Each structure stands twice: as structure tokens, then as C-alpha cells.
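Reader: Could you take one part of this model and walk me through it closely? I'd like to hear how a single strand sits among its surroundings.

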Amino acid sequence: MKNIFLFLLFFYNLFSAQNGYSNQDQLPSIYLWTKIPDGPGPGGETITSTKGSLTHISTPKLIIHQPKTPNGIAILVISGGGYAHIESGSEGYPAGEWLKSLGITAFELQYRLPEENWATRSVPFQDAQRALRIIRKNAGKYKINPDKIGVLGFSAGGHLAGYISSTFNTVYYPPQDDIDLVSAQPDFTAMIYPVVSMLPPNNITHSFKSLLGKNSNTQDQTKLSVEKQVNAQTPVTFLAQSEDDPVSPVENSILMYQALKNNKVPVELHLFQSGGHGWGLGKKGTNTVEWTDLFLKWLKVNGIYNNAD
């Protein structure tokens, strides 16, 4: 009976996510900053397309998908969009609602975009690092186990998730308050059809253009390549991508997998024969729809998700 209930709840939430994105305005949120660093930014209100794509992010925040009965797990959810927009409607919002249906508290990140009049292009890293600290600082309030806080990213959001997972000790902004004394290290990471490398021949993504532009050198490209930042402290990682991905070549996930193996970090990689790019919770008619179940099984194997099916 419990299996049937969870199955129906999942599809109800998925349907609601895909057809009622405007409901996001009714969810609680947390602003990230007392004083937003490296302004001025775009100013004004966030612009949301009819499909839930966000631009003009002047005030970054966390949208909270809060379950009625939290199971102690929290996940920072990061949508993609080439660091030029945020695909919340097709990625972050439905993923947040799916996780919520499982008892996982999802914090969907609305992060600043590097080409929207900020003083530095590292503003997405600032926001992700601050977000993880806020989640851990508020673990008691949201009934979260502070040792079960992960990050899940799609496409460019996968790059951001992977990058911040290995560079959590990097000082991306001047400390503002006691929140910045809290660890920003995730306990686990999931990267779905991720952008990983900024080095040739994989420097063909919009993420590369947004973060580095036309005049970057090899040193800059290496610095922003996730696989080059992996170290022994990088958390256990889950990877999933389609082999026919036309936006982010599948070699990105393979490079990340090998870097993790080289550093003896536990990793699981799933490559799907077809599905393309941007499939969110899965593309109908392809086996990309299996990634959510595989992810939950991976969480169980690693002692993170202990709820019985």
C-alpha cells in the first residue's frame, strides 16, 4: 500500500510541477545575503518566461520544497541554462517537488548569472557556497541531519554542483556573519547531463561562453574545469548522461568519472543510449526516466536514504 501511495504521489507532484509552475510563488523562500556581494547586478525583479526559465536574477534565494514529514535529508537543487538563464520550470521545480514527495527537503537555488552586470563572473559559486551554509545552519529548523546535505545539478547546474563540491573551502566572498563559519562541504553530489570541462575539445558549451568568454587562456579554462578540481575530499558522486547529448558531450561525465576514480572517491556513472539533453526527470520513450530510481538506490547504498520502499 505504501508503494502505491508513493507512486501516485510522485506522479501527482510531477504533473503539478510541469503544469502549475506558478505555484512556486506559494512556496517559502530564503534570501541568501544580508548584503549581496559584487553588485550592482541587473536590478529590478526576476523575469520568468512562460516555461519557467528565469533571468534578471538580482536577489538570489532558495525556494524551499518542504515535505510534511522530513526524513532528515536535504538537497540543494541547481537548474541548468548555460549560466545564461535558469531552467527552473523543466528541471529545478519538478525535481524539488519529486524530492519533496519522498520526504527529502529540497532547496531550489535561484543563483546570479555571470553576465548580468555583476563585478565578477564567480557570482554563481558565491551563491551556491552560501546556500549550502544556510541549509546546514538551519538544519534544526527544517529537521535535517547536517551530515546528509547534498547537491543535485542539471547541465550548467551540474557544473556548479560539481565545482562547489570540490572547491568548498575556496573563499568566494568576504564573510558576512556567523553563517559563513559553517561548512559548505556537501555530503554527496549528483550531476545530471552535466557540463564538466572547459578545456578543448569540450569547451563548446554556452556555460563556457558565459563563464570564460572568447579571450580565456588555458590556465583559466583549467581552473573552471570541474574534473581538474576533484580531490580526496570531493564527496561521493552520482553521474547520469545520454550518449547522444548534443549540448554537453558525454565525455564530460566520463572525464568526471575518471577524475573521481583517480582520487579514490566513490562514484557511480550511468550512460543512456539516447535521450539527448535537458530531460529533467527523464525523457518519455527513453530509459533516461530510470535515473531517479537509480539515484535513490545509490543513496541507499551509501547509507543516506534509508526509507523503505
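Author: Happy to, and bear in mind that this is a predicted model. Let's start at I75, which stands opposite G150 in strand 8. That pair belongs to a longer match: strand 5 and strand 8 (residues 149-154) run parallel and are joined by 5 bridges. Strand 5 also pairs with strand 7 (residues 105-110), again in parallel, this time through 4 bridges. If you want one pair to look at there, V77 has E108 as its bridge partner in strand 7.

Now for the side chains. From strand 5, A74, L76 and I78 point one way, while I75 and V77 point the other way, and all are buried. With 5 of the 5 residues of strand 5 buried, the strand is largely enclosed by the rest of the structure.

What does the strand get packed into? Take L76: along with L62, F107, L109 and F125, it touches the most other members of the largest nonpolar core, a set of 53 residues. Strand 5 is one of the elements that each supply at least two residues of this core, and others include strand 4, strand 7, strand 8, helix 4 (156-166) and helix 7 (251-262). Helix 3 (123-137) is on that list too, and helix 3 gives the most, with 6 residues. One of the well-connected members, F125, is in contact with Y83, H159, L160, Y163, I164, Y172, L211 and L224, leaving aside its neighbours within four places in sequence. I75, where we began, turns up elsewhere: a second, separate core of 28 residues includes I75, together with V236, L296 and W298.

It's also worth backing up to the loop that leads into the strand. P67 is found between strand 4 (61-65) and strand 5 (74-78), and at 7% relative accessibility P67 counts as buried. Leaving aside neighbours within four places in sequence, P67 is in contact with K100, G103, I104 and T105. Of these, G103 is 36 residues away in sequence, yet the C-alpha atoms of P67 and G103 are 5.3 Å apart in space.

For a contrast in pairing direction, look at the open sheet of 3 strands with the order 2-3-6, where the pairing is antiparallel. Strand 2 (47-48) and strand 6 (86-87) are its edge strands, each pairing on one side only. Strand 3 (residues 53-55) is joined to strand 6 by 2 bridges, and L54 stands opposite I86 in strand 6.

Definitions and conventions. Residues are numbered from 1 along each chain as its sequence is written. This is a predicted model: local features need pLDDT of at least 70, side-chain atom pairs count only at pLDDT 80 or more; totals for chains, interfaces and linings use all residues. Side-chain values use heavy atoms; hydrogens and water are left out. Two strands pair if DSSP finds at least two bridges between them. Buried means under 20% relative accessible area, exposed over 50%, partly exposed in between (1.4 Å probe, protein chains only). Contact means heavy atoms within 4.5 Å. A nonpolar core is a set of buried Ala, Val, Leu, Ile, Met, Phe, Trp, Tyr and Cys residues joined through side-chain atoms within 4.5 Å.
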